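Q: I would like a close look at a single part of this protein. Could you walk me through it in one connected answer?

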Amino acid sequence: MTSAVYTDTHRLFLQAVISRRFMKEDTAKQLYSRACQATKGMSPTEIRSHFDKHQTAKIVPFDEDDFTEFVNAVNASLNSVELEIRRTRDEATGDDVLALTNTNEQKIAQVATGYTPLELEYFKHLLDAIVMADDELYCISSTAAVNEASKLKNKDNKSLQLTKSGAEELLSRFIQDKWLIKSKTGALSLSTRTLLELQTFLKEGYEEQMQECTLCLEILTKGQRCNVAACAARLHHHCAKTYYENMNNPLCPTCRSPWDGKVLIGLGPNAEAPQSIRRR
Ligand SMILES: [Zn+2]
Ligand SMILES: [Zn+2]
């Protein structure tokens, strides 16, 4: 098993991933190539050839399977410390991204480090409002988010002292740290980082509300749905684009009715989120 080979190249790559936590996959691949060069390490393909007596080790160009195998080997070493490198595609941009995630997601404090308990309470509150937003909008307006701060209560039902400006400042930090995204119209939605790092937390805590893309089976909070209300088909924009590329008459992959891609999940590009929070 080549995946059992764990070298300095893996260690170096992991170190670079730890310091960045979240990045585009292109960046990760550059880090991988650099780690290979720095340690004169062999790629999995080279290792395979090396151990196969009938072949001589040779330099091969970048190989997608190699990278996957390499990441899997790093993940095997991270298992015991409850960390995992997860890969997905950004719902908004379609970019491939990669994040180092904590597999023990039940403690949000371990995932979103660097925040006080009160700040995390606010984050969880916003997360809830976004996921529960009516009409599969998966977003709330910044105004509504700031207003929510005054409603925060602790376990003893005492209100938590978060001022309006304090809430605004904290929102900026959530956006800067890539936990939330803010649209041009000021709507706040879940970032790819949040969807990756809090995947299990979201799926288990919001079983009914968290939907999957019919094609790639990843979480979906921005995309298109079938015109037929009773049909469960939902697609990411990037998945729909690939799927319908060569189809003259796009049909729903589930119910085969015509698909126009106009019924949206999440907010349209120039639409505004409701000024107050409406839960479904
Ligand atoms: Zn998809
Ligand atoms: Zn359908």
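What arrangement do the four donor atoms around the zinc ion (ligand 2) make?

A: Happy to take you through it, with the reminder that this is a predicted model. The arrangement around the zinc ion (ligand 2) is tetrahedral, because its four donor atoms subtend angles of 105 to 114°. For a site to count as tetrahedral, all angles must lie between 85 and 135 degrees. The ideal angle for four tetrahedral donors is 109.5 degrees.

Let us start with the donors themselves. The protein binds the zinc ion (ligand 2) through the SG atoms of Cys-226, Cys-231, Cys-252 and Cys-255, which lie 2.3 to 2.4 Å from the ion. Along the chain these donors follow the spacing C-x4-C-x20-C-x2-C. Cys-226 and Cys-231 are both buried.

Another residue to look at in this stretch of sequence is Arg-256. Arg-256 sits in the loop between helix 11 and strand 11 (264–265). The phi angle of Arg-256 is near 65°, a positive value in a residue other than glycine.

The other zinc site makes a good companion to this one. The zinc ion (ligand 1) has as its protein donors Cys-213 (SG), Cys-216 (SG), His-236 (ND1) and Cys-239 (SG), at 2.1 to 2.4 Å. In sequence, the donors of the zinc ion (ligand 1) are spaced as C-x2-C-x19-H-x2-C. Cys-213 belongs to the loop between strand 7 (211–212) and strand 8 (219–220), while Cys-239 is part of helix 11 (residues 237–244), so the pair ties together parts that are 26 residues apart in sequence. Here too the arrangement is tetrahedral, because the four donor atoms around the zinc ion (ligand 1) subtend angles of 95 to 116°. Cys-213 counts as buried because its relative accessibility is 0%. Cys-239 also counts as buried, with a relative accessibility of 12%; the cut-off for that word is under 20%.

With the zinc sites in place, we can turn to the rest of the chain. The protein has eleven helices and eleven strands, and 44% of its 280 residues count as buried. Among contacts with a separation of 6 or more, 58% are between residues 24 or more positions apart. The exposed surface of the protein comes to about 15,300 Å², and carbon and sulfur atoms supply 50% of that area.

Inside, the largest nonpolar core has 35 residues, and Tyr-122, Leu-171, Phe-174 and Leu-202 are the members with the most contacts within it. Two or more residues of this core come from each of helix 5 (108–111), helix 6 (117–131), helix 7 (142–149), helix 8 (164–176), strand 6 (187–190) and helix 10 (199–205). Helix 6 gives the largest share, eight residues. Leu-171 shows the pattern well: setting aside neighbours within four places in sequence, Leu-171 is in contact with Tyr-122, Leu-126, Ser-142, Ala-145, Val-146, Leu-180 and Leu-188. There is also a second, separate core of 18 residues, which includes Ala-16, Tyr-32, Phe-67 and Leu-98.

Two loops that border helix 6 are worth a visit. Ala-112 is in the loop between helix 5 and helix 6, and Ala-112 is buried, with a relative accessible area of 3%. Leaving aside neighbours within four places in sequence, Ala-112 is in contact with Leu-120 and Trp-179. Ala-112 and Phe-174 are 62 residues apart along the chain, and their C-alpha atoms are separated by 9.6 Å. Asp-135, by contrast, is exposed, with a relative accessible area of 52%. The loop that holds Asp-135 runs between helix 6 and strand 4 (139–141). Like Arg-256, this residue has a positive phi in a residue other than glycine: the phi of Asp-135 is near 70°, and that of Arg-256 is near 65°.

One last stop is His-10, which lies in helix 1 (residues 8–20). His-10 counts as buried, at 4% relative accessibility. The side chain of His-10 makes a polar contact with the side chain of Thr-7, at 3.0 Å. Not counting residues up to four places away in sequence, His-10 touches Val-5, Phe-70, Ala-73 and Val-74.

To come back to your request, the zinc ion (ligand 2) is held by SG atoms of four cysteines, Cys-226, Cys-231, Cys-252 and Cys-255, in an arrangement that their angles of 105 to 114° make tetrahedral.

How values were computed: Residues are numbered from 1 along each chain as its sequence is written. Chains are lettered from A and ligands numbered from 1 in the order in which they are written. This is a predicted model: local features need pLDDT of at least 70, side-chain atom pairs count only at pLDDT 80 or more; totals for chains, interfaces and linings use all residues. Side-chain values use heavy atoms; hydrogens and water are left out. Donors are N, O and S atoms within 2.8 Å of the metal (3.2 Å for Na, K and Ca); water is not among the atoms, so sites may look incomplete. Four donors count as tetrahedral if all angles lie between 85 and 135 degrees; four count as square planar and six as octahedral if opposite donors are over 155 degrees apart and all others between 65 and 115; anything else is irregular. Helices (H or I, at least four residues) and strands (E, at least two) are DSSP runs, numbered from the N terminus. Buried means under 20% relative accessible area, exposed over 50%, partly exposed in between (1.4 Å probe, protein chains only). A nonpolar core is a set of buried Ala, Val, Leu, Ile, Met, Phe, Trp, Tyr and Cys residues joined through side-chain atoms within 4.5 Å. Contact means heavy atoms within 4.5 Å. A polar contact is a pair of N or O atoms within 3.5 Å; within protein, one must be able to donate a hydrogen and the other to accept it, and residues adjacent in sequence count only if both atoms are side-chain atoms. Accessible areas come from the Shrake-Rupley method with a 1.4 Å probe; for residues, only the protein chains shown count as cover.
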